[in-house]
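Reader: Before we begin, could you show me the structure that we are going to discuss?

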Amino acid sequence: MIDQRVLPIRLWSNCSIQHALDQDVAYRGLVTVSIWDLHLDKMAKVWYNGEIVDWGSATVHVLTHALHYGTAVFEGVRCYRTNEGPSIFRLYDHVWRLINSAKIYLMNLGYEADEITEAIKETVKANDLDECYIRPIAFYGYGEMGVSPLRNKVDLAIAAWRWDAYLGKDTSTQGARCMVSSWRRINPLTLPPQAKCSANYANASLAKIEAVKAGYDEAIMLNTQGMVSEGTGENIFRVKRGVLSTPTAAAGILRGITRDTVIQLAADLGVECHRIEISREELYTADELFLCGTAAEITPIREVDGRLIGNGNYPITSEIQRAYNNAVHGRGKKHADWLSRVSSTDSDVRSNLAVTQIP
Ligand SMILES: Cc1ncc(COP(=O)(O)O)c(C=O)c1O
């Protein structure tokens, strides 16, 4: 229903939803994806600079620095239904990655880790959500135009919404169809891949657009040395003869929290796992491949550039997927400390050792 949907990007600051929809119709001749597949469910509230405000009031000025120069850092976090109530997966690790991203861009968030942690929980509570995706974003705001952001204030917002299978409805069982992108992943000499900065996603968007226009679910990006880096919003794993491997941080990846989770779950399952360089042809000859990320969770890859991966079955990926689903839903005690209950008010924020140790 039109009036329950909001466009991902509003085209004019004063546009009505219908106005924006009309504009998108004009765009539809150019892109193959209909907005009807890409809606965002409107929620009630957004946390914005320390206050809970109505969803529709969480807006920015068109001269916001980040809108022009990509100077925003953000996180993607998920909250899951558990027997203990809604619980956020690896919340502290996400908060610390946000803080580290901001540090790289000399961005003063104005909030401590425990305050951001509580604000994230408050956002979920304010929307009465039991399962959701959460998007904290810090950005250089309105103030001065010009490339240097340093004199602009930093705004912090946290939104949450329901978001199912990121790569498509059936991909978690059927596998995603991927292509190797002609766009190379950003290089640490030009943009820091470890900062989860909006600017990085201009690179990722080019690859994603190419893949979607070519009829694929996702792009796999090589780095500037021609080795496998990652998906546009996921890390990648390869299985060969029962052994798991994933590109090293030096491949220009974002060190994913899900990647780290998979490495730990593989150890629990007795599956050997290595961080190594992976070449394009090693994708084609893998027994299994999968993508992983907070949004995509564990998604098997069925095909790369028209080559079926292995024999089309994913026994090890399925095992990891099962272990991951158990962990995020709080089934089993081993990794209970990965979950933060939304209703708990503890501010037991750990040191950032957890994140800086992710290899
Ligand atoms: C480029 C990129 N790589 C990897 C990931 C996976 O990271 P995480 O598992 O922390 O969500 C993401 C998602 O945030 C991403 O955007």
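**Burial, core and ligand shell**

Reader: Why does Ala286 count as buried or exposed?

Author: A residue is buried if 20 or more other C-beta atoms lie within 10 Å of its own, exposed if 12 or fewer, and partly exposed in between, with C-beta atoms placed from the backbone. Ala286 has 21 other C-beta atoms within 10 Å, and therefore Ala286 is buried.

Author: This is a predicted model, in which local features need pLDDT of at least 70 and side-chain atom pairs count only at pLDDT 80 or more, while totals for chains, interfaces and linings use all residues. Residues are numbered from 1 along each chain as its sequence is written.

Reader: Which residues is Ala286 in contact with, leaving aside its neighbours within four places in sequence?

Author: Two residues are in contact if their C-beta atoms, placed from the backbone, lie within 7 Å. With those neighbours left aside, the contacts of Ala286 are Arg238, Val239, Lys240, Ile309 and Gly310.

Reader: Which residues touch the most other members of the largest nonpolar core?

Author: A nonpolar core is a set of buried Ala, Val, Leu, Ile, Met, Phe, Trp, Tyr and Cys residues joined through C-beta atoms within 7 Å. Among the 80 residues of the largest one, the most other members are touched by Val73, Ile120, Ala138 and Leu289.

Reader: Which residues come nearest to the ligand?

Author: A residue is near a molecule if its C-beta atom, placed from the backbone, lies within 6 Å of it. Of the 13 residues around the ligand, those that come nearest are Gly256, Ile257, Thr258, Gly293 and Thr294.

Reader: How far apart in space are Ala286 and Ile309?

Author: In sequence, Ala286 and Ile309 are 23 residues apart. From C-alpha to C-alpha, their separation in space is 6.3 Å.

Reader: Which residues is Ile120 in contact with, leaving aside its neighbours within four places in sequence?

Author: Ile120 is one of the residues that touch the most other members of the largest nonpolar core. With those neighbours left aside, the contacts of Ile120 are Val77, Ile88, Leu91, Ile134, Pro136 and Ile158.
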